Each structure stands twice: as structure tokens, then as C-alpha cells.
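Reader: I'm just starting out with structures, so could you walk me through one part closely? Please take the place where the two chains meet, and spell out the terms as you go.

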Amino acid sequence: MNKTVSILAWVVVGLLGSVAVGVVAVHRGEPINALWLVVAATCCYALGYRFYSKFIAAKILALDSRRATPAERLENGRDFLVTNKWVVFGHHFAAIAGPGPLVGPVLAAQFGYLPGTLWVLAGAVFAGCVQDFVILLFSVRRDGKSLTEMAKEEIGRVGGFVAYTAVIAILVILLGVAALIVVNALKDSPWGTFTIAMTIPIALLMGLYLRRIRPGKVLEVSVLGFFLVLLAIWGGQWASLNPKMAQVFTLRAPTLAILIIVYGFAASALPVWLLLAPRDYLSTFVKLGTIALLGIGIVALHPTLHMPALTRFVDGSGPVFAGKIFPFAFITIACGAISGFHSLISSGTTPKLIARETETRMVGYGAMMAESAVAVMAIIAACVLQPGVYFAINSPAGVVGQTAAAATATISSWGFPVTAADMQALAHAVGEQTLFNRTGGAPAFAVGMAHIFSQSLGGATVMALWYHFAVMFEALFILTILDAGTRVARFMIQDALGHIYKPLGRTSWYPSILATSALVVGAWGFFLWQGVKDPLGGINSLWPLFGIANQLLATVALCVATTIIVKMHRTRYAAVTLVPLAWLVAVTFTASWHKIFDPNPRVGFLAQAQALAAGPATSATARLIFNNRLDAAVTAVLVVMVALVLIESVRQWIGVLRGREEVRVKEAPFVMTRLAEERG
Amino acid sequence: MSLILKAAKIAMALLREIFDEAAYERFLLRTHRASSPKAYAAFRQEFEEAKTRRPKCC
């Protein structure tokens with residue numbers, strides 16, 4: 001009876017999912033309700049988790065609950081620790097959910113809501129969740145080894161070197177583009193700038209409170225910090241209305257960029273407890289709360305999507321970023337579908353906390369599904385806006401025109417009517433001077449989120465507060481990544497330099513700290529500056545570069561996973577990682593080709609350099625030409641390195657299948673778990 | 001009711017783990033110390049290098 005009910009229930013889920021995906025995919029003309037996306041996503045995730053992840057767990061990975069995990073065998077009360085599976089799930093989700101699943105889908109909404117939604121659902125179920133799950137399990141079976149170490153052991157030294165270099169490259173590009181998003185959200189916005197500036201003394205205060213007044217009471221101080229941040233948002237309104245304060249906090253993009261670069265350097269060199277740790281706690285607190293609130297808001301208010309399913313920009317002429325739907329939609333949305341960066345988390349802290357192998361399914365596959373759901377929310381937040389408003393916010397002045405009249409005329413001529421008066425009224429409603437030319441995705445997401453929340457919680461009168469809450473949430477989030485990412489990159493470089501000259505590897509030696517911090521901040525600061533000065537808004541060239549780097553890391557992770565599966569003699573099921581790998585190779589290599597060689601100057605770096613060289617020379621021309629050539633070179637180097645890993649992996653697979661290679665899977669030996677014995 | 005209590009307990013444990021309160025408690029147990037500014041400073045010193053090496057995703 002139970003089995004019959006279960007089968008019937010899954011048949012209903014399948015039918016409901018099919019209808020919802022069908023409506024989302026084929027509906028044209030009238031706007032659709034966001035609830036269709038929510039139902040489609042819920043059913044796809046439920047089916048994917050119940051059937052596909054179970055198949056992978058049983059047939060390929062053969063999860064064994066009797067096998068002791070490193071958390072049990074190597075338990076030390078610090079890194080290795082047997083932890084409740086829900087706690088690990090939350091911990092893992094908090095680490096993988098950054099601004100990526102919010103920003104990427106907002107940018108990709110220029111193609112319409114359909115491409116992003118389909119890629120987020122299919123990409124997560126068949127690629128992203130699979131990658132996170134298998135890498136987590138393989139790391140658990142190797143004493144919690146990192147992706148770099150596994151790549152070195154299973155594929156060879158080339159694999160390890162490429163994974164290491166790709167991580168550094170991704171970090172640098174990510175930090176540059178993340179800082180650019182903050183700059184674009186805060187430029188000429190005294191309210192936003194004041195609020196974010198106030199988070200620095202709030203974080204310092206929290207650090208001192210934790211250190212001196214109530215040691216270790218992090219939750220308590222995070223709640224206190226959260227209320228202070230709300231106060232800062234409210235205070236921002238006052239600052240924006242006070243002429244003197246407004247003058248102080250109205251900053252141009254280059255000034256903000258310099259301030260962020262200085263801040264990044266200081267945060268990297270200051271003691272962690274003073275600024276970085278409290279800001280991290282505050283950001284996590286706000287992040288988890290806001291994501292939950294947004295989820296509830298979307299389900300409860302189920303807004304209408306005004307963006308069409310597909311826009312004319314699938315042909316590659318989009319104003320937000322140039323390039324056709326294939327491959328650019330698939331590198332623009334990384335974190336919500338598949339993100340190579342996740343493989344670092346799956347082979348970092350998480351494998352050292354897992355109590356039983358069987359829990360890797362829920363943590364690895366399940367947490368990525370939750371991240372994908374965040375991306376669906378971002379698509380909804382962007383698509384509830386009128387398309388004309390969406391394009392007015394996200395289009396750079398270099399594409400739509402410098403004045404409000406020119407921008408609205410251009411956007412309206414595309415078939416997305418918008419007027420300067422509409423935009424002025426919206427800017428006024430959210431407490432900004434203007435919303436034109438706010439590229440980067442964050443402001444559009446903030447307007448969408450404010451639009452959703454203001455429908456019920458406080459109405460239009462508090463729309464400005466919601467908008468600035470959303471901007472604060474994203475900026476706080478991104479600045480935390482800037483702090484932490486700069487440190488992670490610094491440590492990685494110090495580790496490497498330590499092989500050349502020992503003192504450089506010492507993380508407490510100040511000359512080394514200052515030199516490596518300057519190196520890392522200088523590198524991402526270069527990309528930030530490049531973005532700020534780019535006449536096309538920066539996002540057009542930097543976000544695809546970041547997407548390519550991130551997806552190339554996913555290619556490396558899937559190469560590692562496939563190699564291990566082949567070595568485990570599960571070749572008949574290797575398609576589970578091989579198909580996403582083939583897809584990513586097609587996507588990233590095609591995207592890289594376009595970014596380097598496409599003759600359209602808005603797409604190809606070299607074509608843009610050529611167009612600049614042929615045009616009128618200004619003081620910035622030489623630098624812009626150099627930047628484009630450098631971006632082309634970075635892309636080419638990354639692709640060549642990943643191609644080497646791919647060739648090396650294929651060589652291994654052929655060797656194993658032909659019996660030439662000795663099959664050595666470098667797993668830790670089987671040890672019977674005591675936890676299983678205790679359970680009886 | 002017990003299910004709600006269990007869920008609340010897990011949620012609290014999760015928050016304590018994410019916000020490093022549980023790690024601090026384990027540190028105090030392991031080093032046989034009482035909570036104090038000095039003990040917290042020692043905890044942060046031991047904990048920070050490992051924590052700040054962990055990447056956070058984009």
C-alpha cells in the first residue's frame with residue numbers, strides 16, 4: 001500500500017513538473033506568474049534528488065554507511081569533527097552561496113526568463129549537483145583532500161598545477177568583478193555609500209565586543225550588528241537628504257574603486273578578529289535571513305513576470321553583455337547551475353565534517369539544489385521588472401546613450417517601452433538620483449527585490465528602505481568575499497613562494513604579508529580599474545571572463561571525477577560526469593574562442609583592441625587596447641591549461657580501458673565505523 | 001511537538017556551528033579553560049589561520 005502511494009505521489013510530482021516546465025517553456029505573449037517557475041523548480045529538484053542522485057549513490061559511488069569517514073577516523077575537535085548532517089548541510093550551503101547565483105541570472109535575464117530558468121534547472125540537476133556530490137564523496141574517501149591534491153594524484157602533476165593556477169585566476173577575476181558590482185551599485189548613491197561605510201565601524205565594534213565584553217557570543221553580537229545595520233540604512237536616508245552629508249557620500253566610480261582597493265589591502269593585512277571575522281558573521285546572518293525572506297516573499301506574493309520568455313537579444317546583440325545565447329548564457333550563469341568553485345568547498349571543510357558516507361548525497365547534491373533555488377529567485381526578481389526598466393538599469397551608457405532621453409529612446413526602439421519620467425519616478429521611489437547605467441546586476445536585483453517586498457511589507461512608502469536593504473545585503477556580501485578572497489589568494493601565493501624562499505611562506509611575517517597582499521590587491525584592483533574605465537561598463541568583458549574561468553575549473557573537477565570513476569571500473573556509468581564535462585568543454589571553449597577572436601568588437605577582445613586602435617586616439621586608448629589584449633591572453637592561457645588537463649585525463653582513461661595503465665585509486669583504506677556499531 | 005523541538009534544536013546547533021560558537025566551546029573543553037577575553041584571543045589565534053584559508057564561493 002505504502003509503495004503504491006509513493007509511486008502515485010511521484011507520478012503526480014512528475015506530471016506537475018512537466019506541466020509547469022511546459023508552461024514556462026511554451027507560454028508566449030501574456031506575462032506568466034512566478035509561481036510556475038517555483039513549481040517547475042520544486043518538482044525538478046524533487047525528482048532529481050529522489051531518482052538521479054539515488055542512482056548515482058547506488059550504482060556509481062556505492063555509498064557505504066559502514067565505512068568510517070575522516071571526521072570519525074581523524075577526529076581532532078578542530079578540522080575533523082563528526083557533525084550532524086543538517087548542520088553540515090547548512091554550513092556547506094552558507095559557504096557555496098555567494099553573490100554569483102544572484103548576479104549571473106539577473107544579467108542573463110536579458111535573453112528572457114526562459115534560457116536562464118532551463119539552464120539553472122537542468123544544469124543543477126544533471127551537472128552542478130552531480131559535481132558537488134561526487135567531488136565531496138571522493139574527498140571523503142581520501143581523508144578530505146583538496147581538489148588540487150586529488151587532481152595531482154589521479155591525473156598527474158599537470159592537473160594539480162592547472163587546478164592551482166585556475167583557482168588563483170578565478171579568485172583574482174572574481175574579486176575584480178565583485179568589487180566592480182559594488183562600485184556600480186554605490187556610485188552617485190549617498191544613501192548606499194553611507195550605509196556600507198557604516199558597516200565598517202559596526203564590524204569593528206562587533207570585533208571589540210566579541211574580544212573584550214562577551215567573548216565568543218557571536219550569535220548575540222550578530223543580532224546586535226544586524227540592528228545597527230538597519231539603523232545605518234535608516235541613517236542613510238538622512239545622509240542623502242542632508243546637503244553636506246550627501247556631498248561627502250556622493251562618490252564617482254573611480255573614487256569608490258580607489259577606496260575599495262585601499263579597504264581590500266587594509267582588510268587583508270589587519271588582524272582577522274578586528275574586521276574580517278565580525279563582518280563575515282554579519283554578512284552570513286544577513287545572507288541567510290534575506291534569502292529565506294525572499295523565498296517566502298516570492299511564494300506568498302507570487303508576482304507576475306513582465307520579461308518575455310525570449311527577447312530579441314538571443315542573437316547576441318544584448319546591451320547588458322554581448323554574445324549569443326550559446327555559449328554566453330551558460331557561462332554567465334555559473335553558480336546557480338554549475339560552478340567549479342564549489343568543488344573547492346566540497347573538497348575543503350565539508351568532507352572533514354561528514355559523519356557517514358551516505359550523508360554526502362544530502363549535503364553535496366542537496367545544498368547545490370538549494371543554491372540553484374536561490375538562482376531561480378534571482379531570475380524572478382529581475383523578471384518582475386518591466387523589461388524597459390530592466391534594460392535602462394543594466395545597459396551601459398556606451399550602448400544606450402549618455403542622456404536619459406537618449407537611453408529611453410534607444411530602449412523603447414527595441415520594443416521595451418520606458419520613459420525618462422518612469423525612470424525618474426522609480427529612482428525617486430528608491431531614494432536614488434538616477435537608476436540609469438547601473439550595470440552589474442546588483443541594482444536591478446535590488447529594485448526587483450524591493451518591488452516584491454513593497455507589495456506587502458510596508459507598501460510603496462518603504463520601497464526606498466527595501467531597495468537600500470537589498471543593496472546593503474549584496475554589497476556586504478561582496479565585501480566579505482573581497483576580504484576573505486584576498487586572504488585566501490594571499491595564503492596560496494605565500495604557500496607557493498615559501499618553496500622559493502622559506503620566510504615568504506610564513507603567514508605571520510609582515511614583509512611577506514604586505515608584499516603578497518599588495519600583489520593580490522594589485523591584481524584584482526587592476527581588473528576593477530579596467531572595469532571602471534571601460535566605456536562598455538566593464539561587466540561586458542569581465543563577467544564572461546570570470547564565467548569562463550569558473551567553468552574551466554568545473555571542467556577540471558569533472559575531469560578528476562571521471563578519471564576516478566573510470567579507475568573504479570564504473571566506466572559504463574561514466575556518462576554521469578562525462579556528459580556535463582563534454583557540455584562544459586563545448587561551452588567554455590566556444591566562449592573563449594568568441595571572447596578572443598570574434599570579429600564583433602563588443603564580443604571579441606582582439607577585435608575591440610583593433611577597433612580602438614583604428615578610432616580616434618584619446619589619453620585612455622593605449623590603456624584600453626592593452627587591457628583587451630591582456631584579457632585575450634588570460635583567456636587563452638586558461639583554455640590551454642585546461643586543454644592539457646583534458647588531454648592528460650583522456651590519456652589516463654584510454655590507458656585504463658586498454659589495460660595499459662596500472663589502476664590505482666588513491667582512497668584511504670576501509671575502516672569499519674564505530675558509529676554504525678553503536679547504532680547496532 | 002517533539003518534532004518542532006528537534007527542528008529548533010538542530011537550527012540552533014546549525015547557527016552555533018556557522019557562527020563558530022560551537023568551535024569555541026570545543027576549544028574551551030579541549031584546553032580546559034573557562035571563557036574569558038584571554039581564552040577567546042587564544043581560540044581566535046588557533047582558529048583563524050585555518051578559517052581564513054577556507055575559500056567561500058562566489
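Author: Between chain A and chain B there are 4 residue pairs in polar contact, both residues at pLDDT 80 or more. (A polar contact is a pair of N or O atoms within 3.5 Å; within protein, one must be able to donate a hydrogen and the other to accept it, and residues adjacent in sequence count only if both atoms are side-chain atoms.) Salt bridges between the chains come to 0, a salt bridge being a side-chain nitrogen of Lys or Arg within 4 Å of a carboxyl oxygen of Asp or Glu.

Keep in mind that this is a predicted model, where local features need pLDDT of at least 70, side-chain atom pairs count only at pLDDT 80 or more, and totals for chains, interfaces and linings use all residues. Residues are numbered from 1 along each chain as its sequence is written, chains are lettered from A and ligands numbered from 1 in the order in which they are written, and side-chain values use heavy atoms, leaving out hydrogens and water.

Now the wider picture: 53 residues of chain A are in contact with 32 of chain B, contact meaning heavy atoms within 4.5 Å. About 3,600 Å² is buried between them, with carbon and sulfur atoms giving 66%; buried area is the accessible area (1.4 Å probe) that two parts lose on being put together, summed over both. A:R211, A:L219 and A:Y281 supply 16% of what chain A buries against chain B, more than any other three residues.
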